[in-house]
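Biologist: Got a minute to walk me through this one? I'd like to go from the overall fold down to single side chains.

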Amino acid sequence: EADEAVAQLSASNHPDARDLLEQYPKLRVRYRVSTAVRLVRQNQLDAALGLLDDVRVDDQAARLDMVYTRGFVLARLAERAQTGGDLGRARGHWLAAIAALTPELPAARTAQRSDLLELYAHLDDELARSEGPGGA
C-alpha cells in the first residue's frame, strides 16, 4: 500500500511530497528491519530473512542496520540447524552471514558499529569451530 501511495506522489511538485519521495527508500528499509526484528522475537526466522532479501538502500546507516539484522537472522538459523544436528546447513548460514557482512566491514568500522563487528567475529569463530576437531 505504501509503495502505491508513494508512486502516486511521484507526480506531485509539492515540497513535502518531494521530501517524502526522497526519504521513502530509507524509511522502507527501516520498516522492514523493525518488522524483521519483531519476527525474530517471535522465532519466525525464515519470514524475517525473507523480508530482508534483495533489499537495496543507499543510506549507509539504514544499510548497516539491514545488513546487521540479516546477519543476526542467519546466525540464529545456523544455531537452530546446529542444535538440530545439521552442521552442513549451519555452516551454510554462517557463510551466508559472513558474505553479507564482509563488504560492509569498512563502513561499520568508520561508523563505529561495534555490534556489526562483534557479530562478524562471532560468526567467524563459529565457522572456525565447525571446521575444527569434530567439525565438518
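What follows is a short round of questions and answers on this predicted model.

Biologist: Let's start with the fold. How many helices and strands does the secondary structure of the protein come to?

Modeller: Reading from the N terminus, the elements run α-α-α-α-α-α-α. The C-alpha trace they belong to spans about 65 × 30 × 20 Å along its principal axes. The tally for the protein is 7 helices and 0 strands.

Biologist: And which helix gives the largest share of the largest nonpolar core?

Modeller: That core has 33 residues, and Val29, Met66, Val73, Leu116 and Leu123 touch the most other members. Helices H2 (15-41), H3 (45-52), H4, H5 (87-101), H6 (105-110) and H7 (114-131) each put in at least two residues. The largest share is 10 residues, and the helix that supplies them is H4.

Biologist: Take Val73, then. Which residues is it in contact with, leaving aside neighbours within four places in sequence?

Modeller: Val73 is one of the core residues that touch the most other members. Its residue number puts it in helix H4, which covers residues 60-83. With the sequence neighbours set aside, its contacts are Val40, Leu45, Ala48, Leu49 and Leu52.

Biologist: I see some rings in there too. Is the pair of Tyr68 and Phe72 stacked or edge-to-face?

Modeller: The structure holds 1 aromatic pair. The ring centres of Tyr68 and Phe72 are 6.3 Å apart, and planes under 30 degrees apart count as stacked. Here the planes sit at 20°, so the pair is stacked.

Biologist: Where do Tyr68 and Phe72 lie?

Modeller: They are 4 residues apart, which is about one turn of the helix. Both belong to the one that runs over residues 60-83, helix H4.

Biologist: Are Tyr68 and Phe72 buried, exposed or partly exposed?

Modeller: Buried needs under 20% relative accessible area and exposed needs over 50%. Tyr68 comes in at 22%, and Phe72 has 32%. Both values fall in between, so Tyr68 and Phe72 count as partly exposed.

Biologist: Zooming back out, what part of the accessible surface belongs to carbon and sulfur atoms?

Modeller: Buried residues make up 35% of the 136 residues. The accessible surface comes to about 8200 Å², and the part belonging to carbon and sulfur atoms is 50%.

Biologist: Last one: how far apart are the mean positions of the positive and negative charges?

Modeller: The protein has 17 positive and 21 negative charges. Take the mean position of each set, and the distance between the two is 2 Å.

Conventions: Residues are numbered from 1 along each chain as its sequence is written. This is a predicted model: local features need pLDDT of at least 70, side-chain atom pairs count only at pLDDT 80 or more; totals for chains, interfaces and linings use all residues. Side-chain values use heavy atoms; hydrogens and water are left out. Rings of Phe, Tyr and Trp (its six-membered ring) pair if their centres lie within 6.5 Å; planes under 30 degrees apart count as stacked, over 60 as edge-to-face and the rest as tilted. Buried means under 20% relative accessible area, exposed over 50%, partly exposed in between (1.4 Å probe, protein chains only). Accessible areas come from the Shrake-Rupley method with a 1.4 Å probe; for residues, only the protein chains shown count as cover. Lys and Arg count as positive and Asp and Glu as negative; His and the chain ends are not counted. The place of a charge is taken as NZ of Lys, CZ of Arg, CG of Asp or CD of Glu. A nonpolar core is a set of buried Ala, Val, Leu, Ile, Met, Phe, Trp, Tyr and Cys residues joined through side-chain atoms within 4.5 Å. Contact means heavy atoms within 4.5 Å.
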